[in-house]
Amino acid sequence: MKKTAITGNQRLSLKKLQSWETLGYGMFIHFGMSTFEGTEQASGTKPSALYAPDKLDVDQWVSIARDAGMKYAVLTAKHSGGHCLWPSRLTDYNVGTSGNKTDVVEAFVTACEKRGVLPGLYYCSWDNRHKFGSFTATDHINLMGGRMDQCDGMREAFTTRVYQDFQTAQLEELLTGYGKIAQVWIDIPIVLPCDYRSDLYHQIAAWQPDTVITMNHGYGDGSKFIANNTWPTDVITIERGLPGSLTGCNKWREIDGVKDYYLPYEVCDTLGKEWFHVKGDRPRSDDELLGMYLVTRSRGANLLLDVGPDKHGLIPRQMQEALARLRHNIDHLQSFRKTHP
C-alpha cells in the first residue's frame, strides 16, 4: 500500500509516536475494589468501605517500576466495578468514602514525576455500578445464567447517553486535575457508539494534547484491526498475546479505505496469571517473562506488564523479585550482544 505521506494522517506526529515507542517497557497497575472483592470484574454492589488498604504505598509501586527498567506506568483509576481511586465529585463510590481516603491518582502522578516515570491513567467504559440504563457484559452473563463468557456478553452490551456524559465528566476530572498525563488508556471501547467514541477521543486530546490515547483493541495478534470497535486510537493493543508477525508489526494502517495512519503497538499482559492481586498467584517463570519481553520488543511493540498490589496496598515481594530478575536478565543479554555482535 502506497503511503500518502511520510508523516501519516494520525493526530500525533510520527516523531511523537516513535518517541513513545522508545519507552519500550511500562508497568500496568491493576488495583482497586476488585483487589478487595477478589474478582477481576467487581460487582459494583459492595460498600465503598470494603476498599481499605492499611499500608498503601504508591511510591513503592513506582520505585519498583523504575528499578525494573520501566519508563512509564498506567494506573486503573476506575475499573468495571465503578469504584474510583480519586475523590470524584460525580459519585460517592470513591476513595473519599472508603476505608482509606488517599487520592491514589494524585499520589501516583506525584510519585511518577519524582522518579522520572511517565504517568498514564486507565478508565473502563464497562461500569457495573453507574449504569444509567446501560447494559453491561455482567448483566448479559447474569441473564444467561453464567453460561456466556465476557466476550460473548460484550457483543450485547451498550451504554446510554447519560452514562456517556458521566464518563466524559469523570475523564475531565482526571485529565484536567492532575497535570500532564502521558497515556490515557480506555478499556472496553466497544460499548461506546462510534460517534461518541470519536467525540471522546477529540475531547481527551483537547484536555491533554500530547497524550497517547489508547482505545483497547483487545485480543488477537494485531494482524487484524477492527476499527468499528476501537477507532479512533493512537495505539493498537494486543491483550494477553504477542505480535503475530516474525517480521514485526504492521504499523501503517488504512482507515475507512482512504487515509494512512501510523499506529504503534502495545502488548499488555500479566506478570503472573491475574490482572488484580489474588492470593496464591505466582509470577511466571524467568524464561517465560524474558521470552515475552524479547518477542514483544523484537517485533516492534511496547510491553505494558501488569503487576497487582495486594490488599495492604503493596506489591508483594515475590513479584518485586521476579521483576528484578527480569531486569537482570534483560541487561545481561543486552551486554552479551554488545560484546558478541
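These notebook entries record what I looked up in the structure above.

**Ground rules**

I am working with a predicted model, in which local features need pLDDT of at least 70 and side-chain atom pairs count only at pLDDT 80 or more, while totals for chains, interfaces and linings use all residues. Residues are numbered from 1 along each chain as its sequence is written, and side-chain values use heavy atoms, with hydrogens and water left out.

**Entry: strand 9 and its partners**

I began with strand 9 (residues 265-270), taking helices (H or I, at least four residues) and strands (E, at least two) as DSSP runs numbered from the N terminus. Six of its six residues are buried, so strand 9 is largely enclosed by the rest of the structure; buried here means under 20% relative accessible area, exposed over 50% and partly exposed in between, with a 1.4 Å probe and protein chains only. Tyr265, Val267 and Asp269 point one way from the strand, and Glu266, Cys268 and Thr270 point the other way.

I then looked for its neighbours, counting two strands as paired if DSSP finds at least two bridges between them. Strand 9 pairs with strand 6 in the parallel sense over four bridges, and glutamate 239 stands opposite cysteine 268. Strand 9 also runs parallel to strand 10 (residues 301-307), joined to it by six bridges, and here cysteine 268 stands opposite leucine 304.

**Entry: cysteines**

Having met cysteine 268, I checked for disulfides, each defined as a pair of cysteine sulfur atoms within 2.5 Å, and the structure holds zero of them. Cysteine 124 is in no disulfide, and the nearest cysteine sulfur, that of cysteine 84, is 12 Å away. Cysteine 268 is likewise in no disulfide, with the sulfur of cysteine 124 as the nearest cysteine sulfur at 12 Å. Cysteine 124 is buried at a relative accessible area of 1%, and cysteine 268 is buried with a relative accessible area of 1%.

**Entry: strand 5 and the loop before strand 6**

Strand 5 (residues 212-215) is covered on both faces, with Val212 and Thr214 on one side, Ile213 and Met215 on the other, and all of them buried. Strand 4 (residues 183-187) pairs with strand 5 in the parallel sense over four bridges, and glutamine 183 stands opposite valine 212.

I followed isoleucine 213 to threonine 233, which is found in the loop between helix 9 (227-230) and strand 6 (236-239) and is buried, with a relative accessible area of 2%. For polar contacts I took pairs of N or O atoms within 3.5 Å, where within protein one must be able to donate a hydrogen and the other to accept it, and where residues adjacent in sequence count only if both atoms are side-chain atoms. A polar atom of the threonine 233 side chain lies 3.4 Å from the backbone oxygen of isoleucine 213, and a polar atom of that side chain lies 2.9 Å from the backbone oxygen of valine 235.

Proline 232 lies in this loop between helix 9 and strand 6, and the peptide bond leading to it from tryptophan 231 is cis, with omega near 0 degrees.

**Entry: backbone angles**

Most residues other than glycine have a negative phi, and most peptide bonds are trans. Isoleucine 188 has a positive phi of about 55 degrees although it is not a glycine; it is found in the loop between strand 4 and helix 8 (194-207), and at 15% relative accessibility it counts as buried.

Aspartate 256, also not a glycine, has a positive phi of about 60 degrees, but this residue is exposed, with a relative accessible area of 68%. Aspartate 256 sits in the turn of a hairpin that strand 7 and strand 8 form with three residues between them. Strand 7 (residues 252-255) and strand 8 (residues 259-262) pair in the antiparallel sense over four bridges, with isoleucine 255 standing opposite lysine 259.

**Entry: second largest pocket**

Finally I looked at the second largest pocket, where a pocket is, on a 1 Å grid over the protein atoms alone, an open set of points where a 1.4 Å probe fits, with protein on both sides within 12 Å along at least five of seven lines, and lining residues have an atom within 4 Å of a point. Its lining includes Lys16, Trp20, Pro119, Asp210 and Val212. Helix 1 (14-23) and strand 3 (118-124) each supply at least two lining residues, and the largest share, four residues, comes from helix 1.
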